[in-house]
Amino acid sequence: MFRAAVRPHSQKPHSPPPTGGGGRFRIAGADVSASIAVFLIALPLSLGIALATGAPLQAGLVAAAVGGLVAGRLGGAPLQVSGPAAGLTLVTAELIQRYGWRTTCAITVLAGLAQLALSALRVARTALVVSPAIVHGMVAGIGVTIALAQLHVVLGGTPQSSAVHNFLGLPAQLADLHVAAVSVSAVTVVVLLAWPRLPGRAGRVLRKVPAALTAVAAATVLAIAAGIGVPRVDLPSWSSHALPGLPEGPVLGIALGVLTITLVTSVQSLLSAVAVDKLVAARKDTTVHVPRSNLDRELAGQGAANIVSGALGGLPVAGVAVRSVANVSAGAVSRHSTMLHGLWVVLAALVLVPVLDLIPLPALAALVMVIGIQMVSITHIRSVTRHREVLVYAVTVSGVVLIGILQGVALGIVVAGAVAMHRLTRTRITKETNGDVEHIKVRGQLTFLAVPRLSRALHQVPPGASAVVELDGSFMDHAAYETLQDWQMSHVARGGQVEMTGRTGVRIAEPGAGAHACCRPWTPWRNHHCGEHPVAEPKRRMKGHQLASGLSSFQRNTAPLVREELARLAREGQRPSQLFLTCADSRLVTSMITASGPGDLFTVRNVGNLVPLPGAESGDDSVAAAIEYAVDVLRVQSITVCGHSDCGAMQTLLSSNPDAPETPLRRWLRHGMPSLERMRSAHRTWARLSGGPTCDGAGRLPADAAEQLCLTNVVQQLEHLKAHEAVARRLAEGTLELHGMYFHVGEAQAYLLADTDSRVADGRTGGESAVFDWVAPSAQPVPSRSRYPSSPAPLTSPTSPPSSALLPTTPSAPSSSPTSGPSPTPGPSGPSAPSGPSGPSVPSAPSGPSSTAADAPSPAPVSPAPAAARRSPKEGAPA
């Protein structure tokens, strides 16, 4: 008997893995450890960013706590960590300098409301439309501005109002160095850069402590131990913390500030969420399910966090890539790690104030300066260079540094659009003559702007000449398409030849080749040719017109696409993964139902998908020879026997007349008699189809006797396979698998025999009734029965007997092997079903007093195909 691995009833097919029982608010240990790691990174960074913006230092802690608790709880990216971001430093510093801190908090609240409105409009994904070169340029420009400003603090001075003034003031600042500030800053930078590169086993242990925390701690210890007089952190009492006030200033300026905060925080958060998704997907541990980011919900969470942060006197909040990467790398599995990090920040702001007051301000400035320098990523520069976007990147960086963020981004968008238009209109068309062939090469996109030059080059081709048009581009508009088509038709009409190719020389189908609406993806498998009417031309069809037309279509359209693959197979020889033995029925297209291609299947087809026993073929050893060649020479990994619905061979067996004269067909079908006898046997096995379009969760019995025989025949032929010496040897070695498959033509549904264990060997289970489960790997919607009226609807469910005459149902002692061909025997309830034109009656599931849990297994729910059956055709899966 074959039994598939069945999911627990309590778990849905696509539900996340169970988290275990217990309390409702259980927190994984991985989330606790990850939250501590993120907290140790966020604490010094939050203070440093607040210092760089000129805001109260407590504002950085407020933003970090709100980002963890509010955005972590409401956002759509579970593992993203939000808080004050270095990318917002420039914007916030400018707003504070222009409008003051209380108005800046009000602008943050308004930006949060704008983010909530954008989330309600579901426009989050439009932020991803911006060219990566513009985003990278914006980040790099902000990084350059931050680094220039903080460099003055590192050197012991005070930053100026703009990047240009900071750059121009560097010579004077270098001439007036403050040794104390420089020494503390130097220690911070050295530790920050060297800590991740500590070698050896001790280094691996030490690197678990965040580099930012270690660098600030080292600078603090140095300043205290050496008594260096430098400015330090001074956290005022929370009772004097400044809260927002009504916006004061020009409406247009405040609106521009709201727009800037909204744009920068939204784009940075959404891009960071996408990056976190990629990091989570790259994890090796697949047992933990982390849902993908919901960008609209993430935008709403960021908006709520900005509203709360601004209302509590905090900095603007955004998703931060550095902290998010640390969270994922530390093994976080849910949003609890982000929320816990916010809780630790709250506790630190309330309890660790005396410790935080010891931190030197030059150490925080050095930390932020290094982060600003790292925002100018060499990897991003290489990426934009490879994609020829250097101009867009450079203009964006320059605009952000020299003018401002919004202005720089706007300049980048304008330049990106201009570059795209230039590429779209830059088309190079050349004409060359090689012997008797005219070559017209088109480099770039073909738009209406290039049509005059294209037309000029095409009409330079002499009438009647052979021409090759080489197209090297990914776009062609309607005007260029019609120009090519009209010229081709005209040139061919005057005796010329035209071939369209790509840059690699692969032939392209002629314009208009797909104009016939009758063409479908399965056209090569149908008795059909586009534009022809076989009924009106019977004489031409009898003369092989269809064959010649089909060959011509293959050579013209399909051969150029498969020539390279077939050439490889010709060089390397065939290496199929499986032997596929199926019926000769014309409706079975093996490549279609198995999604396989050239070289995948070694296919053997005969009437009834029969496998004669060794020595029983009476001089016709074709099937045995194919089996031996596939198993011993080609070394296939699996053999699949595939039956199908409405099989004419099985119907002929059911209606066979013993007195009919011998014919080649009758002599061949005698190899199917063991299948018929197996179905009629009192010790027969039951077949049940599960998961298809006409089945419920418990499955169904075969629709009629013909379908029962088709299913039984597959099981019987699998037993016949084991009698072949080559197959038996490979099975004993464990290097060969056997699979059973049933294809319902009307439903377009494939069913797999649930397993291939020892139950196939004899079809018995110690005298108990056996149920062979046939499982549909991918269930489909219920099709209309009018499409295949010859297939009757299922009679009953497996739990109730059908309404037709029943075969014996009481289990008894095992019979002899079905392969030996026992004759039908009467059961306890009466004789076996007679054969004849109507065939035997439909077998029923065991019922009555003798049907107990011990001898009649209950129907199994729909189960997936076995692991071996879910592999691709090249790995040996039949479907």
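Which residue takes a positive phi just after H17? In this predicted model, Arg388 does so, with a phi of about 55°. The report below returns to that residue after an outline of the chain.

**The chain as a whole**

The chain holds 31 helices and 13 strands. It has 879 residues, and 46% of them count as buried. Among contacts in the chain with a separation of 6 or more, 77% are accounted for by residues 24 or more positions apart.

**Helix H1 and its surroundings**

Helix H1 covers residues 29-53, and two of its residues serve as examples here. Ser35 lies in this helix and counts as buried because its relative accessibility is 0%. Not counting residues up to four places away in sequence, Ser35 touches Ser337, Leu340, His341 and Trp344. With Trp344 there is also a polar contact, made between the two side chains at 2.9 Å.

Ile49 is placed in H1 as well. Its relative accessibility is 6%, so Ile49 counts as buried. With residues up to four places away in sequence left out, Ile49 touches Pro84, Ala85, Ala86, Thr89, Leu315, Arg323 and Val368. One of these partners, Val368, is 319 residues away along the chain, yet the C-alpha atoms of Ile49 and Val368 are separated by 6.7 Å.

Another partner of Ile49 is Arg323, which belongs to helix H13, residues 321-329. The buried residues in H13 are Arg323, Ser324, Ala326, Asn327 and Val328. What covers them includes H1, strand E1 (82-83), helix H11 (251-281) and helix H14 (336-351). Just after H13, Gly331 takes a positive phi of about 95°.

**Helices H5 and H19**

Two packed helices are described by the angle between their axes and the distance between the axes. Helix H5 spans residues 132-154 and helix H19 spans residues 405-425; their axes come within 10 Å and cross at roughly 150°. Since angles over 145 degrees count as roughly antiparallel, H5 and H19 are therefore roughly antiparallel to each other. The crossing in which H5 passes H19 is right-handed. On the H5 side, the contact is made by Ile134, Met138 and Ile142, and on the H19 side by Ile405, Val409, Gly412, Ile413 and Ala416. By class, the contact has seven nonpolar residues, one polar residue and no charged residues. An α-helix has 3.6 residues a turn, so residues three or four places apart point the same way.

**The ends of helix H17**

Helix H17 covers residues 378-386. At its start, a side-chain oxygen of Ser377 reaches to within 3.2 Å of the backbone nitrogen of Thr379. Just after the helix comes Arg388, with the positive phi of about 55° that opened this report.

**Positive phi in two loops**

Most residues other than glycine have a negative phi, and most peptide bonds are trans. Asn609 is not a glycine, but has a positive phi of about 40°. Likewise, Asp646 is not a glycine and has a positive phi of about 55°. The table sets out where these two residues lie and how accessible they are.

| Residue | Phi | Loop | Relative accessibility |
|---|---|---|---|
| Asn609 | about 40° | between strand E8 (601-606) and helix H25 (622-633) | 2% |
| Asp646 | about 55° | between strand E9 (638-644) and helix H26 (648-654) | 23% |

Asn609 counts as buried because its relative accessibility is 2%, whereas Asp646, with a relative accessible area of 23%, is partly exposed.

**Two further buried residues**

Val451 is found in helix H20, residues 451-458. Its relative accessibility is 17%; buried means under 20%, so Val451 counts as buried. Not counting residues up to four places away in sequence, Val451 touches Ala479, Ala480 and Thr483. From C-alpha to C-alpha, Val451 and Glu482 are 9.8 Å apart in space, and they are 31 residues apart in sequence.

Arg700 is found in the loop between strand E10 (686-690) and helix H29 (705-722). This arginine is buried, with a relative accessible area of 3%. What does the side chain of Arg700 make a polar contact with? Its partner is the side chain of Glu707, at 3.1 Å.

Notes
Residues are numbered from 1 along each chain as its sequence is written. This is a predicted model: local features need pLDDT of at least 70, side-chain atom pairs count only at pLDDT 80 or more; totals for chains, interfaces and linings use all residues. Side-chain values use heavy atoms; hydrogens and water are left out. Axes are lines fitted to C-alpha atoms, for helices over the stretch in contact, and angles run from 0 to 180 degrees between N-to-C directions. Helices (H or I, at least four residues) and strands (E, at least two) are DSSP runs, numbered from the N terminus. Angles under 35 degrees count as roughly parallel, over 145 as roughly antiparallel, 65 to 115 as roughly perpendicular and the rest as oblique. A crossing is left-handed if the near helix is turned anticlockwise from the far one by less than a right angle, and right-handed if clockwise. Contact means heavy atoms within 4.5 Å. Ala, Val, Leu, Ile, Met, Phe, Trp, Tyr, Cys and Pro count as nonpolar, Asp, Glu, Lys and Arg as charged, and the others, Gly among them, as polar. Buried means under 20% relative accessible area, exposed over 50%, partly exposed in between (1.4 Å probe, protein chains only). A polar contact is a pair of N or O atoms within 3.5 Å; within protein, one must be able to donate a hydrogen and the other to accept it, and residues adjacent in sequence count only if both atoms are side-chain atoms.
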